[in-house]
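Got the viewer open? Let's take a walk through this structure, one selection at a time.

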Amino acid sequence: MSSKYPCNKPFMVVFILFFLFMDMSGQDLEFRESSRFILGTLKERSASISIGDIDNDGDMDALVANGRHWPGQNRIYINNGRGVFTISRLLGSQMETSYATEVADFDNDGDLDVAVGNDMAPNVLLLNDGKGRFTESGTFGMEYAPTRNITVADLDGDKDVDILITNRGRENEICINDGKGSFSKCIGFGSKDDSTIDVEVADIDGDGDNDLILANRDDQQNYVYLNDGQMNFDEKHPYGTGNDITRSVGVSDMDNDGFLDIITANIGEPNVIYFGDEHLSFKRKVVFDTTESRSYAIAIGDLNADGYSDIAVGNSRQVNTVFISSDNGGKWQKIPLGDKEFNTYDILISDLNADGRPDIIESNSDEVNRYFINRKTNK
């Protein structure tokens, strides 16, 4: 259909971009909560949560580790595809003192398996039948260690997933996968008296292998341990003040300068980003959370789709918070997650309702485990 008024294409492009910009700049983040956005109604001693498509139907399911020092029942929550968890299953045949459930394809058969880390009880591997039902398949690591966390990653570069175990007050372990989901070989990492509560895995020196970033509590020095490519972690670099009580650690390039940075969640002191550089000095830093909260958990993700990493922090007996980055990680907007002061042990960022926006899910001790849906609202 013709018009007597010719279309000025450059003008129209500018006009459209202007209104797109106005639309985006007029939007703000809102993390919606609801009485339906919980993982069941039980109030258990939940220590951590993991996310993955365990039944291979294309959405994110949740696994919760319960118990901590006391035997509890670990649980699976099945996503109905719309971000609501309408089916629950037991994970494992017995109650355990669980601190962590981590998912990965340990036996390389195309589905997600589960590694369970327990306090003063054997750590257990459970293999998936492809439909989200699990069979116990042996143990890994020291049998009666004070395990506080597990991390899964390929440490030896052989394309299968290994397991890192953090033991409070005991030697930490890396259990090597033989490619079939067996972990008979384990080696130590860190110092034998490290009070390690969390470890992140990343190629922080850019040499092609994975290094270890340790969070130590009990006023101990935090360290980065460098992998020499042969699974030796003799070279270490300190970060932090030297006597932090760091409960959780994350790694991301927060200022997009090509170097990985370290994000810390601390107990009774501000939470800090230590910026990486070519010397691995981590001396440049910014306090993104000035409160002296009891921060137990941290998660990193781009919550507002601006190309920069944002931060979610889980606190003990205080409101959990989100920090939105601006100015290359130099400025932060703080957003509370509801108004409840739960005892949050873990917090994760994942797209739970498949709308393209990452949501936030948390595990709470002696309270319901809940999640928040990421919504953009026009202000």
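Start by selecting residues 162-167 and 172-176: these are strands β11 and β12, which pair in the antiparallel sense over 3 bridges. Keep in mind as you look around that this is a predicted model. To see how the two strands line up, click on Ile-165, which stands opposite Glu-173 in β12.

Now widen the selection. β11 and β12 belong to an open sheet of 4 strands, in the order β10-β11-β12-β13, with antiparallel pairing. At the edges sit β10 and β13 (185-189), each pairing on one side only. Turn the sheet in your viewer and look along it: from one strand to the next, the twist averages 25°.

**Stop two: a sulfur link**

Stay with this sheet and show the side chains of Cys-175 and Cys-186. They form a disulfide, with their sulfur atoms 2.3 Å apart. A disulfide is a covalent bond between the sulfur atoms of two cysteines. How many disulfides does a search of the whole structure find? Just 1.

Cys-175 lies in strand β12 and Cys-186 in strand β13, so the pair ties together parts that are 11 residues apart in sequence. The torsion about the S-S bond is about 100°, so this disulfide is right-handed. Switch on a surface and check each end of the link: Cys-175 is buried, at 0% relative accessible area, while Cys-186 counts as partly exposed at 30%.

**Stop three: an enclosed strand**

Next, select residues 113-118, which is strand β7. All 6 of its 6 residues are buried, so β7 is largely enclosed by the rest of the structure. Both faces are covered: Asp-113, Ala-115 and Gly-117 are buried on one side, and Val-114, Val-116 and Asn-118 are buried on the other.

Add the partners of β7 to the view. β6 pairs with β7 in the antiparallel sense over 6 bridges, and here Ala-104 has Asp-113 as its bridge partner. β8 also pairs with β7 in the antiparallel sense, over 3 bridges; look for Val-114 and its bridge partner Leu-126 in β8. β7 and β8 form a hairpin with 4 residues between them, and Met-120 in the turn has a positive phi of about 55°.

**Stop four: a closed space**

Rolling a probe the size of a water molecule over the atoms shows where empty space is left. The largest cavity has a volume of about 40 Å³. To find it, select Asn-74, Leu-91, Gly-92, Gln-94, Glu-96, Val-116, Val-124, Leu-126 and Glu-136, which line this cavity. Two elements give two or more residues to the lining: β5 (85-96) and β8 (123-128). Which of the elements gives the most to this lining? That is β5, with 4 residues. By class, the lining has 4 nonpolar, 3 polar and 2 charged residues.

**Stop five: the largest pocket**

The largest pocket holds about 760 Å³ of space. For a way in, select Glu-102, Asp-198, Glu-200, Asp-346 and Leu-348: of the 35 residues that line the pocket, these are the closest to its centre. Then color the strands β2 (44-52), β6 (98-104), β10 (147-153), β14 (196-202), β18, β22 and β26, since each supplies at least two residues of the lining. You met β10 earlier as an edge strand of the open sheet; here β10 gives the most to the lining, with 6 residues. Color the lining by class and you get 23 nonpolar, 6 polar and 6 charged residues.

From the pocket, follow β18 (residues 246-252). This strand is mostly covered, with 7 of its 7 residues buried. β18 pairs with β19 (residues 261-266) in the antiparallel sense over 6 bridges, and Val-251 stands opposite Ile-262 in β19.

**Last stop: two alanines in loops**

Most residues other than glycine have a negative phi. Now select Ala-305, in the loop between β22 (295-301) and β23 (310-315). Ala-305 has a positive phi of about 55° although it is not a glycine, and at 64% relative accessibility it counts as exposed.

Then jump to Ala-354, in the loop between β26 (344-350) and β27 (359-367). Ala-354 too has a positive phi of about 55°. Is Ala-354 buried or exposed? Exposed, with a relative accessible area of 59%.

Methods: Residues are numbered from 1 along each chain as its sequence is written. This is a predicted model: local features need pLDDT of at least 70, side-chain atom pairs count only at pLDDT 80 or more; totals for chains, interfaces and linings use all residues. Side-chain values use heavy atoms; hydrogens and water are left out. Buried means under 20% relative accessible area, exposed over 50%, partly exposed in between (1.4 Å probe, protein chains only). Two strands pair if DSSP finds at least two bridges between them. On a 1 Å grid over the protein atoms alone, a cavity is a set of points where a 1.4 Å probe fits but cannot get out, and a pocket is an open set with protein on both sides within 12 Å along at least five of seven lines; lining residues have an atom within 4 Å of a point. Grid points are joined across faces, edges and corners, and a volume is the space filled by probe spheres set on the points. Ala, Val, Leu, Ile, Met, Phe, Trp, Tyr, Cys and Pro count as nonpolar, Asp, Glu, Lys and Arg as charged, and the others, Gly among them, as polar. Axes are lines fitted to C-alpha atoms, for helices over the stretch in contact, and angles run from 0 to 180 degrees between N-to-C directions. A disulfide is a pair of cysteine sulfur atoms within 2.5 Å.
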